[in-house]
Amino acid sequence: AAITLSGCSKKNDNGGGGSASAAGGSTAAPAAGGGQKKIAFVPKLQGIPYFEAMNAGGKAAAGALGIQWLYQGPTTADAAAQTQIVRSYIQQKVDTLIVAPNDPNSMAPVLAQAKAAGIKVLTSDTDAPTSVRSTFVSQASTDGIGTGLTDQMATAMGKKGKYAIVSCGETAENLNSWIAVQKKVAAQKYPGMQLVSVVYAGEDQNKATQMATDLMNAHPDLTGLVGECTSSAPGVAQAVKSAGKIGKVHTVGLGTPKSMAPYLKDGSSSASILWDVQNLGYLTAWAGLQAASDKPFAATNNVSSKMPAVKYDDATKTLLLGPPLVITKSNVDQFNY
Amino acid sequence: MTAQLETREPSTAKVARRILPSPVTGQEWVLGAVLVALWVILSFTTPAFATSGSWQPLLASVAPVAVMGVGMTAVIITGGIDVSVGGAMMVTGVTTAKMLVDQDVSLPVAVLLAMALGAVLGLVNGLLIAYGHVHAIIITFGTANVLQFVGRQIFNSQTVNGIPDTLDFFSRGENGRTLGIPHSFVLTLVIAVLAWIYLRHMRGGRHLYAIGGDPLAARLAGIRVQRYVVLTYAVTGLLVGLAAVFTIASGTSTLDQSIGSGQELAVIAAVVIGGTSITGGRGSVLGTVLGALLVQTVSSGVTQLGWPSQLSDFFVGLAIAIAVGADLLRQRTRQQRTGQQP
Amino acid sequence: MAARAVRALLTQRIVLLAALLVLVLVWMTLLDSGGYLTGAYDSDYLSAALVDAVPMCMLALAELVVIVSGRGGIDLSIGAIVSLAGMVFGFAYGRWGWSLLAAIVLTVLAGAALGAVNGLLVAYVRFPALIATLATYYAYKSLALVITDSKPISDTEVAELYSITRSVEIPVIGHDLPDVPLGVFTFLIPTVIVIWLLTARTTFGRRLFAIGTNDVAAEWSGLDVRKTRFTSYLLAGAIAGLVAVYISAQFASARPDAGTSGNGLALPAITIAVLGGVAITGGIGRVSGVVLATFLITWLNAGILLAFTGNDGTQYQLLALGVVLIFAALLNGVTQRRYGGSR
Amino acid sequence: MVDARLELRDISKRYGGVRAIRHADLVVEPGSVHAIVGENGAGKSTLIKIVAGAEGADTGSMAFEGAPMHLASTQDAMAYGIQTVYQEPQLFADLTVSENIFIGRELTQRGRVDWAEQHGQVLDLLELLGLPERYATRPVRELSIAEQQQVSIAKALAGNAKVLILDEPSAILTDSEIEVLFGVVRRLTDSGVSVIYISHRLDELPRICDRVTVMRDGRTVGTWPITELTIRQIVELMVGGELEDHTEARTPQDSEPRLALENLAAAGHFSDVNVEVRPGEIVGLYGLVGSGVAEIAEVVYGMRDQTGGRILLEGKPIHPRSPRAAQKLGIALLPANRKAQGMFAFQSIAFNIGVGNLSQLSRGGWMNRGKETSVAKNMIDRLAIKTPTEQVPVSAMSGGNAQKVVLARQLVERPPVLVLAEPTQGVDVGAKEEIHRIIAQLADDGTAVLVVTSDLSEALRISDRIHVVVAGTTAAEFAPGASQADVLAAAAGADADARHASTEDGVSA
Ligand SMILES: Nc1ncnc2c1ncn2[C@@H]1O[C@H](COP(=O)(O)OP(=O)(O)OP(=O)(O)O)[C@@H](O)[C@H]1O
Ligand SMILES: Nc1ncnc2c1ncn2[C@@H]1O[C@H](COP(=O)(O)OP(=O)(O)OP(=O)(O)O)[C@@H](O)[C@H]1O
Ligand SMILES: [Mg+2]
Ligand SMILES: [Mg+2]
């Protein structure tokens, strides 16, 4: 321990000071070279198609925008595991840190540390409104997603009947807020629809399948199932398919295109509400660069040829990718994730 | 002894008498009764419970836990434990899924591959435990972490998409069932019965009990303790491979990194609910299968009754406490009857 | 002389851990100066990483207490206790407006009560500890989610608590040293001292090691075996209650899955305790070993995040933990045969 | 001349620093009973473990019927027909008697264990040993220790034995059970089996064995036909010198009894036990294993429930419900089984002594470590415990010294009543002497000492009075100097009304 502790403490030199070990740090990534900005993104969980697609979008942006894109996710969807990674990014003196927090409140303190270290802090995918983040890169508004899901469910079910929701993490903030919107919208627009149950399967596909099956059994007259996240969306569709109830029980969900493709094609899933996740990754990286370069956002931004007009709401400091995308069997093959 | 002492022909009356303790333990009767009671209650309270649409998936989801439980029962009977089955399931699962997608391997090849790979992983555990002279829980905590790493490396941060329906035979659709029972569960029962016969009637099986009862005495009785220990972990690994196949078969066409997570505790729970003594020397696979059924019935029941799904674990905990508590109580009264002080 | 050093290294877990710790620090520092790390592996970073070491070390100490108590002692429910006690804290401090001190006391009491249930089952009903705590693990985990309908409590009171875990400068000598997370002083060091005093300096400690070494002999020596074992589980629960307060503060919210999300906190805590030289068979274990093991794993993990970019970083942490654990355990097995036991 | 059944030449075996066997030789003839005798720790068990393939020798050679024999495992030895009953029963508590007997060499038919065939053979064996048939299907857990020992013997008999090794089979058997065993042994030798018989009950030897090998300090002193030696000569060969006669009788103080047991009973174990112990008196409570003598000590110490009678301390009835309660009343006890009931193996001497005296060594729950150390040092001096420091773990100590540590735990407070159960079991002659000296010293200082033992020579040697326990009751009382033969006869229930002091020469080893 003596060896590291003997090095002088650098607590008061937030970047720019050019201490010996900071130099060592930068040589670690020779590719970074000249003035390339380091934009780091911490997803909720690694290895799931959704965030890996965001990573792909971020990488594409890195090439196009000339930035260094860093991506590192925890092995479990856990706030504690995320903060460790955030801390290592602070140590790497990235220019912008973007987080999709598992628990927004939990993330707030360490984000404040990052800001204090001179790092620009953003959130993407899931907001941490109480934190010091300067901007939230939103895939679609909470209202948009909740309404989209409800509308699709209503269309599939014929606007009446019983339905249930298979959610994932019990404490996932964004899922819970979407569910709140779904309840509200259904009550207003579709009085014939009745939400009978919300269950939580964690990030486990098989558990989602089993729970969806149990729900269908508990409510034989159930005609709709919502898979609230990317692991439960194929799970509920599979349950319907296995039970031989295609056409009787309709499912919609937030599923990634590749995982939903077989179900959309055989009809066990009617639609998936999502957005272009790769574009979201690209937008996230772009927003990171803007922040790192201290460039403000315009009300409408030309991000790339695919995203010529991204709206920015100054009141909520939210950059909005656009309206949610409805993925059906007709367009599912356009996506490669 | 036969050389020196003339042996009487065992009289038929004596042979007919109970030679072994009863084939079904008290714990298993209790579990069976509780299960039946639960099923009856659930059938009345949630009408759909007794339909095939309900119990077919239930049996299909019991199969992986129960089949791993068979191996885990053997491991625990020898006085060991394996907390790395979740990690092993991840590694075998992702490898098999990749082979299905990339190589388009056939059903038998996929199954053999999964089981062989699982057996190799189990073998490593077994060798480390038997020859490293380290408590099984420590070694398998270690290998659990290593396997998590290996599994994730193979996943390479992606899910495995577009898994073909090669494995449908095990639980999906009409040709995945016989007499309405998913083949994965049928196979689990077959394996459980074979294991039951092995544990009860074959020399090797009895030796496992002896090893769990007193490893030193087992060695003195000429039992090759280390070899059996290695064997039980290897067999457990093999069954983990099979469980991974079942899981893929009953899952969606994508496989993600959640495969296997939390399975070690689920399997251990099924084994201990089934009456196998965690200290070794006593236990039966029949109880384990019943234990697995009980756990799944409880969690399905909670969802079907419309109670908050988060409550199901509470009842699982309660089930463990009651099942093991009943077992303890029975042992204690038996001890009192025979006038022994603990 | 050299032989003696080797022998100490092989037979004394503390020496081995200290050597490994130095190895990790030197190696990482070399990697850093060679430019192989993406960020500086310096004292500031190591000190900031201690934020995670605090709950880990406290829970590992809780496991030490129950594992040392013997007869298969272990507590799988410790993470679930953190979750459930954390909700109690959230309610008391965040919702009911209790004072911080009162809320902390209540939370620790709640943790102790949950631990007492384990103690009752294990010591008095004579459940195997693995089974009793597996059962309560499921039950507590479930209750924590049910009582708030799965929602975290992050009312402002709780959110502002983060201040008790932020980094501070050590007074007087602190200017040239890195700031250290306050939790190290407010939670970790007091717990370490208390557990060390309890195990090494009190009659409870003597009784604890006695029952862990030989249950029967302890009974014949006139010790209250059951009460001692019961107390050890209660104590572990109380520590978990304290950890619940810390985690609520560190993450500025009382989460119902604080100790159970992902792999949970129990398995890592047991792993660290075992790595720290606590014998799973009971009767052997030292506070210093557990503290060293925590530091080793914390700083190794922190280094790995800088050494591997992308998802590999967190994956290699799993590998490192597994390999270190197996290595240390096997080494112990070897030395036990060669030198007739290690301590 | 025919080859010997078994021939061991120049066998040596080390355990770390302990030389358990040194250049031992042993020749066993076919169809004979060959006794091996020696003090505790002489190496008897180790030697037979080598023959049984359970341990490997470091040097030396073995031959079986003239041909060299190499054993890598117990299985190898069994293949030669070498069957062993170890000193500690090697049984599996959760398996049935029948299974235990055949474990490791099950009879099989088409791969399956042939339960019927095994069962038939087991019934024969049980009958042979005089055990009820219904035991065959009972888990061993439900049997008494003596019955378990008989199951071990049955287990060895079930193998096709050419050499049967019995390591102290009689230590925990009753006389009638021993008779049955002898009958079995004779039938076996008649059919050509060689039996190696280890025992501390020297009086048995002339009745059963043909030759005797004496071991001392890991060496084989020699082998003699049993007819050529008297028991006294055997003992002298064992200890390696002339026997000194036992210590002179002490004069007990004349006062009221400090401890009195009045018609004490524990259902199923003993009843009508009447014993009085005065301050300064050493009373021996002698009984064979299984006579209930061990349980009497447990009741007095609160480890077992009493079901009748009274325990009086200074004339007042007491009801100790736990060792803790007994200790508070001033009753200390040295447990019989040092390893299981007394030792905290890998803890230090200071820990082992201190842990039984926590209230004296602490204040408000805080250990007074200085006092703990000084008490330990004091005890090490007082009991002459051989150790470099008080921090040595007791697992690293010899049997005798470990026993002294366990004893020391009970002596810190100079208890008014001290109960010693088998105080010198598994202890060397030298250490035995010292422990006896310590006991006498304690009595001289005014402690009332009750020695519960199944070692007759010990009882005769240190007691001021001896009560013999037969079938769970105090049957006879002897004054010091009683003859071994008379006491033994009383213990066997032959002469219940023996209250006399014979001066016949008794062997006191
Ligand atoms: N496993 C072992 N490790 C170390 N030392 C041992 C071991 N087994 C025996 N010894 C030592 O070897 C010596 C001989 O022991 P052994 O058990 O053969 O004696 P014994 O003659 O059978 O004594 P007893 O009459 O008490 O049974 C003793 O000093 C003993 O302490
Ligand atoms: N079971 C055992 N395992 C390990 N070591 C043992 C064992 N039994 C004895 N020893 C070792 O053997 C050594 C000698 O034991 P033994 O009982 O023969 O001592 P001793 O010289 O007869 O002493 P004492 O006179 O005190 O009985 C001891 O120092 C002890 O370390
Ligand atoms: Mg012996
Ligand atoms: Mg000795």
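## Report on buried cysteines, the ligand 1 site and selected backbone features

C:Cys57 is buried, its relative accessible area being 0%. The model in which this cysteine sits is a predicted one. In chain D, D:Cys209 has a relative accessibility of 4% and is likewise classed as buried, since the class takes in values under 20%.

**The disulfide in chain A**

How many disulfides are there over all chains? The count is one. The bond runs between A:Cys168 and A:Cys229, with an S to S distance of 1.8 Å; the cut-off for such a pair is 2.5 Å. Distant parts of the chain are linked by this pair, with the two positions 61 residues apart in sequence numbering. A:Cys168 belongs to the loop that connects β6 (161–167) with α7 (173–189) of chain A, and A:Cys229 to the loop that connects β8 (222–227) with α9 (232–242) of chain A. The disulfide is left-handed because the torsion about the S-S bond of A:Cys168 and A:Cys229 is about -80 degrees. As for accessibility, A:Cys168 is buried at a relative accessible area of 0%, and A:Cys229 is buried at 9%.

**The ligand 1 site in chain D**

The shell around ligand 1 consists of 14 residues. The closest of them are D:Gly41, D:Lys44, D:Ser45, D:Thr46 and D:His200. By residue class, the shell holds seven polar, four nonpolar and three charged residues. Distances from side-chain N or O atoms to an oxygen atom of ligand 1 are listed below for three residues of chain D.

| Residue | Atom in ligand 1 | Distance |
|---|---|---|
| D:Thr46 | oxygen | 2.5 Å |
| D:Ser45 | oxygen | 2.6 Å |
| D:Glu168 | oxygen | 3.5 Å |

On its own, ligand 1 has 630 Å² of accessible area, and the protein covers 65% of this. Two elements of chain D, β2 (18–28) and α1 (44–51), each give two or more residues to the shell around ligand 1. Which element gives the most to this shell? That element is α1(D), which supplies three residues.

Chain D as a whole is assigned three domains: domain 1 (6–239), domain 2 (242–330 + 417–509) and domain 3 (342–414). Between domain 1 of chain D and domain 3 of chain D, the distance from C-alpha centre to C-alpha centre is 38 Å.

**Helix α11 of chain B**

Is helix α11 (residues 263–273) of chain B largely enclosed or largely open? The helix is largely enclosed by the rest of the structure, because ten of its eleven residues are buried. The buried residues of α11(B) include B:Gln263 and B:Glu264. Also buried in α11(B) are B:Leu265, B:Val267, B:Ile268, B:Ala269, B:Ala270, B:Val271, B:Val272 and B:Ile273. B:Gly275, which comes just after α11(B), has a positive phi of about 95 degrees.

**Two helical residues in chain C**

C:Ala132 is part of helix α6 (residues 129–147) of chain C. With a relative accessibility of 0%, C:Ala132 is buried. C:Val158 is 26 residues from C:Ala132 in sequence, and the C-alpha atoms of the two residues are 32 Å apart in space.

C:Thr213 belongs to helix α9 (residues 203–213) of chain C. Its side chain makes a polar contact with the backbone oxygen of C:Phe209 at 2.5 Å. C:Thr213 is also buried, with a relative accessibility of 16%; the limit for this class is 20%.

**Positive phi in chain D**

Most residues other than glycine have a negative phi. D:Asp272 has a positive phi, near 50 degrees, and is not a glycine. D:Asp272 is located in strand β14 (residues 270–277) of chain D. How accessible is D:Asp272, and what class does the value give? Its relative accessibility is 44%, so D:Asp272 counts as partly exposed.

D:Glu314, which is not a glycine, has a positive phi of about 50 degrees. D:Glu314 is located in the loop between β16 (308–313) and β17 (316–318) of chain D. Its relative accessible area is 49%, so D:Glu314 is partly exposed; the exposed class starts over 50%.

Conventions. Residues numbered from 1 in each chain as written. Chains lettered and ligands numbered in written order. Predicted model: local features only at pLDDT ≥ 70, side-chain atom pairs only at ≥ 80, totals over all residues. Heavy atoms only, no water. Helix = DSSP H or I, 4+ residues; strand = E, 2+ residues; numbered from the N terminus. Buried < 20%, exposed > 50% of the residue type's maximum accessible area, 1.4 Å probe, protein only. Domains from an automatic or database assignment. Near = heavy atom within 4 Å. Polar contact = N/O pair within 3.5 Å; in protein donor to acceptor, adjacent residues only side chain to side chain. Areas by Shrake-Rupley, 256 points an atom, 1.4 Å probe, with all protein chains shown as cover. Nonpolar A, V, L, I, M, F, W, Y, C, P; charged D, E, K, R; others polar.
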